[in-house]
2 protein chains.
Amino acid sequence: MSRVFNFSAGPAALPEAVLRKAGEEILDWHGSGMSVMEMSHRGKEFTAIIEKAEADLRELMQIPDDYSVLFLQGGASSQFAMIPLNLLRGKGKADYINTGSWSKKAISEGKRYCEANVPATAEAENFTWIPKQDQLELDPAAAYCHMTSNNTIFGTEFHYTPDTGDVPLVADMSSDILSRPIDVSKFGMIYAGAQKNIGPSGLTIVIVRNDLVGHAVDWCPTMFDYKTHVDAKSLYNTPPTYGIYIAGLVFEWLKEQGGLEAMAELNQRKANKLYEAIDGSDFYHSPVVPEDRSYMNVPFTLSNPDLDATFLEEAGEKGLVALKGHRSVGGMRASIYNAMPEAGVDALIDFMRDFEKRNA
Amino acid sequence: MSRVFNFSAGPAALPEAVLRKAGEEILDWHGSGMSVMEMSHRGKEFTAIIEKAEADLRELMQIPDDYSVLFLQGGASSQFAMIPLNLLRGKGKADYINTGSWSKKAISEGKRYCEANVPATAEAENFTWIPKQDQLELDPAAAYCHMTSNNTIFGTEFHYTPDTGDVPLVADMSSDILSRPIDVSKFGMIYAGAQKNIGPSGLTIVIVRNDLVGHAVDWCPTMFDYKTHVDAKSLYNTPPTYGIYIAGLVFEWLKEQGGLEAMAELNQRKANKLYEAIDGSDFYHSPVVPEDRSYMNVPFTLSNPDLDATFLEEAGEKGLVALKGHRSVGGMRASIYNAMPEAGVDALIDFMRDFEKRNA
């Protein structure tokens, strides 16, 4: 058995310690004689697991008491519909900051239910920068303002939290949740598919301020109404129990690493050394303006794209995998979420330097 | 490590061989150097996993080519809304055979979108029997007829497939899918939450005849439109990859056991010996009429309910767990899905006889 350094954008690498623990417990969780996969979601064992997971997430993110934490299914793509169905509250319009492919998917679904206005977009420059506060043409009458805090494909990230006044700010944090401390109280709602920085796919975390819950349109499917899940504490029907268990192990692991302050420091160190390696060479190039670069997803191109295939093949032989860039950007993309150890980034940089030496 | 016999109604026991294999592969699937949880859902490794899972399910259930197989999220509770949103096709009414709690939940959600008529119900007798064909007052103008093929709580099961003429028959098979061969061509759609007889929770299997796809109401959320998932082969967004992998291992295991004919034989033998033990005693009682009893969920009561707590406690000490009956029926319930070995049923019967001897 030899583990690779997996730079996949998502589903993505998990901490090896978490997988080892899950493997040890897969036939018998804590002497229960059964796997977590086999447990009733209403039994005392799973109740302990989900309650601990929620408590640890609340502690890690310092989530205020007037927010509910939900463990849902359906991914961010389901949230794209659930948000207008629940948060429009009789208003006919919402703002959507457009910073890339995932913003556009949210806008496209939002437009089916309301006037979806775009206070700012960097689409003309292929999403290589993030709009600043003074570039946002916000509508104070919008039901909410939607943003994508980190753009997995284009490698940009908001390094500030937009001020939307009394308009609830709703953030898709699928690719940077738990990578650094944030002030949850500045948001009306935060959501994230688990498969990048939390756990396995099939689990979606929603953190929603309670006053925004209970206003769904009257034809909203019961399973798409946040109130259904707030009232039932995510147990209206059987939740994705194993995903919640793995997420809980990741939360424990994050606490052992020192919490989100420590992760932010490590993530910045990892990203900065990779960006330095790219910027310090004429062989590699980052398409993103320096001040808006993501700490999680680092796209870069080779000056000669004919070498892309060789780069990927040789990297793979060194155990550096899933580095192929998204077709919207080309070249390479290194996703370096919480679970990517600094040694993985160091190994990538060593390989990049060696590859350059041999091919420049 | 000592494994119990887990009679949970769901999430339920999985084959130990499947869990052992998943444990062995959790850090490194087939030399990939990563867990299935860490793989891109669009990479060649996961593509092989999902394609094999679908092919094995098609082979096991003999699914005709004009049906699509979907791996979705959200459980049967999401299907309760997706069915009317997709299958009403401009018609204003549908039939719902009412055989228990899950039928009632489907009806309750269906009523929000159409006239939900009930061709038959056994509610007056606490759902202790299944309506026969000649008791069904079917409406030939209904958009579809919905049934619950096995009733987890009440322990009843359809031992025939209703003939609904040209009206598509839609079956919630969450608790008896894969327990026996069925003729898929008699159904317009079959669906099942995975957590009873397939795999972990968070995965929902939908088998739908292709002519029924593509007729969703125009305001249907994209993720609730079957066409979205048929067109994208269940990869419109990130599917619950680990659940699909475990389900695939269960399908392989079922093929090794001899397929659904062999499972049906084993399941009937397991259930029949348990019913014989109940019927052969004045100490235990089955509330269900003999001809409609479920092969999957066996509820039974003790003649003296004051002994319930002692029964459960002593059973637990023998490693026979999760036998507490649902509050709607009381007493005990033994869920004996595919993954419950015959030895587990034998151990339960031995314990029941011994308990009776000491307490009768």
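Buried means under 20% relative accessible area. The structure used in these exercises is a predicted model.

**Exercise 1. A covered strand in chain A**

Task: Find which residues of strand S8 of chain A lie on each side, and state whether they are buried or exposed.

Solution:
- Step 1. Strand S8 of chain A covers residues 169-172.
- Step 2. On one side are Leu169(A) and Ala171(A), and on the other are Val170(A) and Asp172(A).
- Step 3. All of these residues are buried, and both faces of the strand are covered.
- Step 4. Now take the partners. Strand S5 (residues 145-148) of chain A pairs with S8(A) in the parallel sense over four bridges, and Cys145(A) stands opposite Leu169(A).
- Step 5. S8(A) also pairs in the parallel sense with strand S9 (residues 189-193) of chain A, over three bridges. There Asp172(A) has Tyr191(A) as its bridge partner.

**Exercise 2. The seven-stranded sheet**

Task: Give the order of the strands in the open sheet of seven strands in chain A, and say which strands stand at the edges.

Solution:
- Step 1. Strands of a sheet pair through backbone hydrogen bonds, either parallel or antiparallel.
- Step 2. In chain A the order is S2-S10-S9-S8-S5-S3-S4, and the pairing is mixed.
- Step 3. Strand S2 (67-72) and strand S4 (115-117) of chain A each have a single partner strand, so one side of each is left without a neighbour in the sheet. These two are the edge strands.
- Step 4. On average, neighbouring strands of this sheet are turned by 20° against each other, with direction ignored.
- Step 5. One antiparallel pair is S2(A) with strand S10 (residues 204-209) of chain A, joined over six bridges. Within this pair, Leu70(A) stands opposite Val206(A).
- Step 6. Helices lie on this sheet. Helix H2 (residues 44-61) of chain A lies across S2 and S10 of chain A, at about 130° to S2(A). Helix H3 (residues 75-87) of chain A touches S2, S3, S5, S8, S9 and S10 of chain A, and its direction makes about 155° with that of S9(A).

**Exercise 3. The three-stranded sheet**

Task: Describe the open sheet of three strands in chain A and the helix that lies across its strands.

Solution:
- Step 1. The order is S11-S12-S14 of chain A, with antiparallel pairing.
- Step 2. The edge strands are S11 (284-285) and S14 (332-335) of chain A, each of which pairs on one side only.
- Step 3. Strand S12 (residues 297-302) of chain A is joined to S14(A) over four bridges. Phe300(A) stands opposite Met332(A) in S14(A).
- Step 4. Helix H7 (residues 259-279) of chain A lies across S11, S12 and S14 of chain A, and runs at about 15° to S12(A).
- Step 5. Phe300(A) has a further role in the picture: ring pairs link Phe283(A), Tyr284(A), Phe300(A), Phe311(A), Phe351(A) and Phe355(A) into a cluster.

**Exercise 4. An enclosed strand in chain B**

Task: Explain why strand S9 of chain B is described as largely enclosed by the rest of the structure.

Solution:
- Step 1. Strand S9 of chain B covers residues 189-193.
- Step 2. On one side Met189(B), Tyr191(B) and Gly193(B) are buried, and on the other Ile190(B) and Ala192(B) are buried.
- Step 3. Five of the five residues are buried, so the strand is largely enclosed by the rest of the structure.
- Step 4. Strand S8 (residues 169-172) of chain B runs parallel to S9(B), with three bridges between them. Ala171(B) stands opposite Ile190(B).
- Step 5. Strand S10 (residues 204-209) of chain B pairs with S9(B) in the antiparallel sense over five bridges, and Met189(B) stands opposite Val208(B).

**Exercise 5. Aromatic pairs**

Task: Classify the ring pair of Tyr96(B) and Tyr144(B), and say which parts of chain B it ties together.

Solution:
- Step 1. A search of the whole structure finds 31 aromatic pairs over all chains.
- Step 2. The ring centres of Tyr96(B) and Tyr144(B) are 5.8 Å apart and the planes stand at 80°. Planes over 60 degrees apart count as edge-to-face, so this pair is edge-to-face.
- Step 3. Tyr96(B) lies in strand S3 (residues 93-96) of chain B, and Tyr144(B) lies in the loop between strands S4 (115-117) and S5 (145-148) of chain B, so the pair ties together parts that are 48 residues apart in sequence.
- Step 4. Tyr96(B) has 2% relative accessibility and counts as buried. Tyr144(B), at 0%, is buried too.
- Step 5. Phe283(B) and Tyr284(B) form another edge-to-face pair, with 4.9 Å from centre to centre and 80° between the planes.

Definitions and conventions
Residues numbered from 1 in each chain as written. Chains lettered and ligands numbered in written order. Predicted model: local features only at pLDDT ≥ 70, side-chain atom pairs only at ≥ 80, totals over all residues. Heavy atoms only, no water. Pairing = 2+ DSSP bridges. Contact = heavy atoms within 4.5 Å. Axes fitted to C-alpha atoms, helices over the stretch in contact; angles between N-to-C directions. Phe/Tyr/Trp six-rings, centres within 6.5 Å; stacked < 30°, edge-to-face > 60°. Buried < 20%, exposed > 50% of the residue type's maximum accessible area, 1.4 Å probe, protein only.
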